[in-house]
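Me: I'm new to this one and keep tripping over the labels people attach to it. Could you take them one by one and tell me what stands behind each?

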Amino acid sequence: MNAIRKKINPGWILVAPFLLLVVALYLGPIMNILWLSVTDPEPGLSNYQKLYQSDTMARIIWTTFRICVVTTIFSVFLGYWIAYAMVHCHQQQKNYMLAFLLVSFWISILVRTFSWLMLLGRKGLVNDALGGIGVISEPIAFMRNELGVLIGMVHYMVPYAVLPLLVNMQSLDMRVMNASRNLGATGTQTFWRVYLPLTTPGLVSSTLLVFILSLGFYVTPAVLGGGKVLMIAEYISVQLLVTLKWGTAAMLAALMLLGVLAMLYIMSQFMKLSTVFGGSSS
Amino acid sequence: MSNSDHTQGSLQLTDLSKYFGEFCAVNKVSLEIQKGEFLTLLGPSGSGKTTLLMMIAGFVDITSGDIALDGTTIVDIPAEKRNFGMVFQGYALFPHMTVRDNIGYALSVRKRPAKEITERVDEMLELVQLQDFANRKPNQLSGGQQQRVALARALCFAPPVLLLDEPLGALDKKLRVEVQQQLKDIHKHVGTTFIYVTHDQEEALSMSDRIVIMRDGAIEQVGSPYDLYEHPATEFSASFLGKSNFLRRPDGLYALRPEKIDIRAAGNGGEPARLTGAIKSITYFGSMQRIIVSIPDGDELEVDIDSWRNQDPLHEGQQVDMLWQDIAAVKLAEG
Ligand SMILES: Nc1ncnc2c1ncn2[C@@H]1O[C@H](COP(=O)(O)OP(=O)(O)O)[C@@H](O)[C@H]1O
Ligand SMILES: [Mg+2]
């Protein structure tokens, strides 16, 4: 008994009930979903067959994938830019920028989505203004299409893209960049040959984070896509609430889970790489 | 070896100053550095050594004054065009590149042909004895090996001047002595001007052609190791470079090195004693012994003697006479 007690950190006894609760509340439903996907409406893989039998399904998956990729590319690019500016400007400006970044975390996604509608809708501020000064005769269709979804999603994702990059960039030893300049490299050469490789771990985690979060987007595509841009999350909710095909919904959810796990696996491989990159100059 | 273009490499610093806001990190430094010289900047931490080096390298803007290479001012030339080699504090190797790519970096960004780069890198690998490590990453090397990679990387493009910021600071004592010798050999071999920063006085004494003692951003004294050790000009110089006793006499303050004092049991006749006192402590260091003597006015004097000479052992509490030659006591300037 004593031997066991010595091996088990007493801290575990404190967290054990909560840990069990969390495991039960997470794993239970997930298992349930996986179970549903192969049993509803009848046992078998009929739900998964729909993946290549149904055109709608293929279109939805393709749309989701495309929007996620484009969102990720723009968000990470902008995020890299912002993180770079934050790391390399003066402390005070940095504090302002960090405050803006955090504020955008605090504002609800619904508020942020609807404010885009106010700004860029057919009767939104921008179209009104442009029409008012006569630049355009017809309102530009920013919203209720894929462009609208992309604008809204990129806007929401940029802060998420910034954080891993910020952490990565802040941990860099600036003497390494100085060494590059000292050895005769121009700013561009230093960026491509030293700075970018050293920020690759941040880029990878930022990319995966944004991509994974984008996969499950629901509110933004629903509101800004105006029903024309159907992504997986919205389709799942339709299956659940309208057509009551829980098996199909569960299959799509399982598919997304698989996608996310695959991403995380790739990410963990890169993280190992990043530890190889780090801890070098000491 | 076909290294530096030997027509280049003398540096002239004129009234060089650097202020960070109100704070003066480097204060009116003027210095002539000969080409091929091994010059050491020695000073306590915070005395402005790194800042001065960074100004020469072009990473820190100068507040006032001038830096000239072979008589031509270089203050307007950006760091990447100055062509000075530099070994950074902590080495600052490129962690994602192999040793070979690290060393060849300067040539590769100058878009030299691959063959030339390979040959030159091989040459440098041989110079620093790292032939077997060419394909390792920096984090697979020991501290001493990283230091040599940093040196090879900085020398690869044959710069006229090499700046070294405490390159041995991270190494342990034994390794440091070994690397000091290698560094000196390399300096002799390549004939590049070395400007070497350290806060280790032994390192400065054993390696340099000349030493610049820095204090609070200003030059305290410049001279050969021998000059500075034998003729310190100020109390700071005398106590920072080696150890020193200070004697106040009617005509001023004198520095007296501990090993220049002879000590013997009191009242042994012979030459009259300059000072007498009682032994407070004796510390044994193997080859030498450090004896602290309390003298009548309440001060203490440190005396170092060779162990082999202490055949008739002195002991704590004993009364002793101390003698030294006139030239052993050096008169200091007082500010
Ligand atoms: N970028 C900077 N801003 C403000 N103060 C600085 C800066 N760099 C150095 N200093 C100050 O200048 C002084 C000299 O620093 P440094 O040149 O690093 O000394 P050393 O290398 O001799 O230890 C220190 O007091 C340090 O705090
Ligand atoms: Mg320093």
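Reply: Sure, starting with salt bridges: the term means a side-chain nitrogen of Lys or Arg within 4 Å of a carboxyl oxygen of Asp or Glu. With that in hand, Lys243(B), Arg290(B), Glu302(B) and Asp304(B) are linked in a network of such bridges. Keep in mind that this is a predicted model.

Me: What makes the contact between Glu302(B) and Arg290(B) a salt bridge?

Reply: The distance from N to O is 2.8 Å, and the cut-off is 4 Å, so the pair qualifies. Glu302(B) sits in strand β16 (residues 300–306) and Arg290(B) in strand β15 (residues 288–294) of chain B, 12 residues apart. Both of these residues are buried.

Me: And how do you know that Asp304(B) forms a salt bridge with Arg290(B) too?

Reply: Here the closest N and O atoms are 3.2 Å apart, and the limit is 4 Å, so this pair passes as well. Asp304(B) belongs to strand β16 and Arg290(B) to strand β15 of chain B, so the bridge ties together parts 14 residues apart in sequence.

Me: Why is Asp304(B) called buried?

Reply: Its relative accessible area is 13%. Buried means under 20%, so the label fits Asp304(B).

Me: What about Arg210(B) and Glu37(B), what makes them a salt bridge?

Reply: Their closest N and O atoms are 2.5 Å apart, and anything within 4 Å counts, so they are in. Arg210(B) lies in strand β9 (residues 210–215) and Glu37(B) in the loop between β2 (23–33) and β3 (38–42) of chain B, so the pair joins parts that are 173 residues apart in sequence. Over all chains, the count comes to 18 salt bridges.

Me: Are Arg210(B) and Glu37(B) buried or exposed, and how do you know?

Reply: They get separate labels. Glu37(B) has a relative accessible area of 6%; the buried class is under 20%, so Glu37(B) is buried. Arg210(B) is at 22%; partly exposed covers what lies between 20% and 50%, so that is the label for Arg210(B). For chain B as a whole, 53% of the 335 residues count as buried.

Me: How is chain B laid out, and into which domains is it divided?

Reply: Chain B has domain 1 (11–235) and domain 2 (260–331), with C-alpha centres 41 Å apart. Its secondary structure comes to 8 helices and 18 strands. The C-alpha atoms of chain B fill a box of roughly 80 × 45 × 35 Å along the principal axes.

Me: Over to chain A. Why is Leu14(A) called exposed?

Reply: Leu14(A) has 67% relative accessibility, and exposed means over 50%, so the name is earned. Leu14(A) is in helix α2 of chain A and is one of the residues of a nonpolar surface patch, alongside others including Trp12(A), Met31(A) and Leu261(A). Together the patch residues have about 1,100 Å² of accessible area.

Me: Which helix supplies the largest share of that patch?

Reply: That's α2(A), with 8 residues. Both α2 (10–39) and α13 (246–277) of chain A supply at least two residues each.

Me: Where in chain A does pLDDT stay under 50?

Reply: Over residues 278–282, for which the model has 10 contacts beyond four places in sequence. Where pLDDT is low, the predicted coordinates should not be read in detail. Chain A averages a pLDDT of 87, and 93% of its residues score at least 70.

Definitions and conventions
Residues are numbered from 1 along each chain as its sequence is written. Chains are lettered from A and ligands numbered from 1 in the order in which they are written. Side-chain values use heavy atoms; hydrogens and water are left out. Patches are made of residues with over 30% relative accessible area and no salt bridge: like charges are joined within 9 Å, nonpolar side chains (Val, Leu, Ile, Met, Phe, Trp, Tyr) within 5 Å. Accessible areas come from the Shrake-Rupley method with a 1.4 Å probe; for residues, only the protein chains shown count as cover. Helices (H or I, at least four residues) and strands (E, at least two) are DSSP runs, numbered from the N terminus. Buried means under 20% relative accessible area, exposed over 50%, partly exposed in between (1.4 Å probe, protein chains only). pLDDT is the predictor's confidence in each residue, from 0 to 100. Contact means heavy atoms within 4.5 Å. Domain bounds come from an automatic or database domain assignment.
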